[in-house]
Amino acid sequence: MMRLKRWSGVIVLSAGAACTGAMAQNYPSEQDYLQEFPVVLSASRLSQPLSEAPNAMTVIDRGMIVASGFRSIADLFKLVPGMYVGYYHGSQPFVAYHGSTDQYARRMQVLIDGRSVYLPPVSMVDWSNLPITVDDIERIEVIRGPAAASHGANSLQGVISITTRGADQVEGKTVSFTRGSKGINDAAAYFGKRGETLDYRMTVAYTADNGYDGQTSPPNGYPITKFQADTLINNSNDSNQARMVNLRANYHPDGVNSFDAQFGFNHDIQGVGFWDSAKDPFHDVISNAGFLQLDWTHQTDVASELKLRYYHIRQDQSESFTHTSGTVSAVQTSQVERDEMELQHTLQFGDNNRLVYGAGWRRDQIDARGYSTSAPTFYSSALTMDEYRLFAHDEWRITPRLLLNTGAMFEHDRMGFQGWSPRVALNFHLTPEHTIRAGASMAYRTPSLVEERFRASLPGVLFIPNQNVTFAGLKPERILSREIGYLGEFHDWDASLDLRLFSDEVGDGVYIRSAPTAFTNGVSSRYQGLEATFKKSFGKDSDLTANFAHELASSNGPALLAAGHGSMSSKDPSDNDILSASTPENSASLLYAHRWANGISGSVSCYYQGALQPYDRGAIDYQPIQRRADIRIAKAFQPSAGVEGEVSVVVQNLLSTDYTEYIASNLFKRRAWFNATLKF
Amino acid sequence: MLLAATVQAAPLNVRLLLSDRSPAYLQFSMSLSKALASERADVIVSETGGGAQPDLIVAVGMKATEFAITNFTAPVLGAMIPKAGHDSLRERYAAQHRSRPLSAIYIEQPPERQLDFIRAALPGHRRLGLLYSPGARINLQELQSGSVERGLSLVALAVRSNETLFASLDEILNQSDLLLAVPDSAVYNGSNVRNILLTSYRHKVPLVGLSQAYLNAGALCAIFSTPEQIAEQTGTEILLFARSRRLPEAQYPTSFDIGLNRQVARSLGIFLDTPETIRERMNKAMEERR
């Protein structure tokens, strides 16, 4: 008979007791298979793949940033279908979606590591005064379409989300020097260290250039008068010098908590003004911008994560100049501060639901002053503005093939308006390779301080808003966006195709009305079109990205013009709708990069933009079709004696098809620079 | 029952030694008990000290196995120990081993199975990256030739020191489609795994782990044998020993789990079949090689 006798005792060898001294520690041990780890790639840390995102999204990664050769962050957005990158001055770029805006592009949310960097009083981004270099950027995600539910206020037309390199992404020391035409003169040092519980990285950088080429003869092919031509000649005082430092540290004492601290500062001197302008002569604007950001991430369990963020931004700007033919002296200063706190909880329900919800508070403060030797001799404003928001976003995998993204943000803005910005999108995987997306979303834009509290006839370039509301009754602009998208990811071909058909309707758009002159709501516009991105890799050594956008805009601009509102007059004789005229019908970009075996790499990029009449500019600034090609060639050197390096040459506008941007005096000719980078 | 009764009259006296009381060992102990109970095995497991001399020592883990070799004269079946550990013990205690049988059921998967799994789960990922420290006992040659056989390429990089770990990691990730975790605590330990996973995720190069813990942390996939599976196999070997009084050759676990982290797969845009399909494909590949 079989008997199970006894299953009573088990000897357990505890360390030190049963183990003899002979127990060698260096034996391969089963502990390698039994050890526990913290949850690193938690649900909240994993990014949504493109095929499951609720919006059309363009990703610009490190490889594309390097291959593009761009040394200005704003230029990178030329690689996003449907984006317009314009420059008011060589150091004052603006990035807009759906055609050109005025030089104060203010309809997009712009985030750097979650920090919102569009600032009052104009609600635009001062790209030259950001305390990061192009090389600090790890990746950029651009959401084409409103996305307030997940990215906060001002996500009217889209969201630019810049992720800088993490504290653990820089190891060792790197120095980089750039010299080139048009005064291009950059130097940067990067260093960082990864550790078991503490990682840090630091950047110290200097960048300088002389902006655009001066216009020395009338622009090609455009009939202008001698007087007009004369105003364009040598009319660019747009050199820029920025000195910056930034530091990022991450402390992760255990698998549960992570503390990220960032600090940055940028001291920037921008040349501004026009020689033919009575009140804005050639002079400098001095800007000092700094920030401090703290992020605490707490993993409560495998399926839940809390994130608390606080940041402070401060930008001080000043200008001192004489105007009106040197008869009046003026000094203007502006001090802007932003404090923001956000708490966010990510929760995974089972395998099929991921919920993110939270709340945020923001305080903006501005203290701006002007002094002048002619009336008004002293003017100033000091304002404090608070806004609050609640948000929730849920990703529900209804079936393995069907995903529903729903979300909304409730906002109480600085003007006291309250409203919901909802978003819903349904993604259907026809097969793992083919995904169809249909979505709709709404968002609002609170008018900028300048639009609400306007002060007329200021000299110089800084805005000193009025202390009181000048245009009562102004309310937020709103957008209703609808889209149908297709994403094909062809793994066998190493290729993907992203298509988007969209219809965006903007209501209560702000414009300048006449009699009495005032910023007011009243523009209704509609943007419809198709955007496409095709990507393909050829083996491991070649990558191609091609973007195309076809867009048509229409608005009630002609009706407003007929009603006597002169600001809505189109300067394009062939198109009487100012919004349609300022939107290029077609635009495209292409980036191809190849790496050879011996450390040599090269890339070519081409940009095409259909003709447009820049919004709010004169007929003289008409931008005919723009074609541009850039190349970059680099050679990397194998490490020797612990040092490795790379030299590269970038040539922009290789074919020297001179063109102008936004303003006719902004002439862009061929330019080139050389870079040497050493790592040790 | 009749067979058992005729072959073995006296009950088998087995002593179970656990390396410690952490969950894996206790699970092993419980599962072995269950396995033997369901077979209605005629087995006595005695306590330390009193009782008859054991006929067989089942030692779970390296500590227990070494203890058994040095403290008992009975045959030793080491369970849940790595092959390299088993080899080291044999080498070190060659003298004691000659006089009594020593065998093992390893904790890890045979390299061929690991490679078959990668081929079956991720047919598009052909460049395997492997990071190890010079002190690690990894049979690179076997992995290398197995990879070539399957149309895979393996790039292995030795990490000189902890200081250069992440520079080496960047280097290996730049030339790989997959990062293959290896049993090497100098590289894969609780404090390094965070940065290894974050870095590989940023490079869009997934990690193939060694256990459920790797999957939970953020590895894309893993095959591994659980303490329960190894205990069942141990139970079977105990029964065979009861009949023949002979220990089998040291062997790899026969049963294994396929673990997939679908969230990581989705985020990386990687399509993974079901574990069943992957297992079928692995079986097919194995049969074809025979």
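Start with chain B of this predicted model and put a marker at the C-alpha centre of domain 1 and another at that of domain 2: 32 Å lie between them. To colour the two, give domain 1 residues 2–107 + 226–244 and domain 2 residues 111–223 + 257–289.

Next, select helix α6 of chain B, residues 111–121, together with helix α13 of chain B, residues 275–289. How far apart are the axes of this pair, and at what angle do the helices pack? The axes are 9 Å apart, and the angle is about 125 degrees. Since angles from 65 to 115 degrees count as roughly perpendicular and those over 145 as roughly antiparallel, α6(B) is therefore oblique to α13(B). Look at the handedness too: the crossing is right-handed.

Now show side chains where the two helices meet. From α6(B), pick B:Asp116, B:Phe117, B:Arg119, B:Ala120 and B:Ala121; their partners in α13(B) are B:Ile278, B:Arg281, B:Met282, B:Ala285 and B:Met286. Colour this contact by residue class and you get 7 nonpolar, 3 charged and no polar residues.

Stay on α6(B) for the last stop. How many of its 11 residues are buried? The count is 8, so to speak a mostly covered helix. Select B:Pro111, B:Leu115, B:Asp116, B:Phe117, B:Ile118, B:Arg119, B:Ala120 and B:Ala121 to see the buried set.

To find what lies over those residues, bring up the surrounding elements of chain B. The cover includes the strands β6 (127–132), β8 (178–180), β9 (207–209) and β10 (221–224). Helix α7 (140–149) is also part of the cover, as is α13, the helix you already have selected.

Key
Residues numbered from 1 in each chain as written. Chains lettered and ligands numbered in written order. Predicted model: local features only at pLDDT ≥ 70, side-chain atom pairs only at ≥ 80, totals over all residues. Domains from an automatic or database assignment. Axes fitted to C-alpha atoms, helices over the stretch in contact; angles between N-to-C directions. Helix = DSSP H or I, 4+ residues; strand = E, 2+ residues; numbered from the N terminus. Parallel < 35°, antiparallel > 145°, perpendicular 65-115°, else oblique. Left-handed = near helix turned anticlockwise from the far one by under 90°. Contact = placed C-beta atoms within 7 Å. Nonpolar A, V, L, I, M, F, W, Y, C, P; charged D, E, K, R; others polar. Buried ≥ 20, exposed ≤ 12 C-beta atoms within 10 Å, placed from the backbone.
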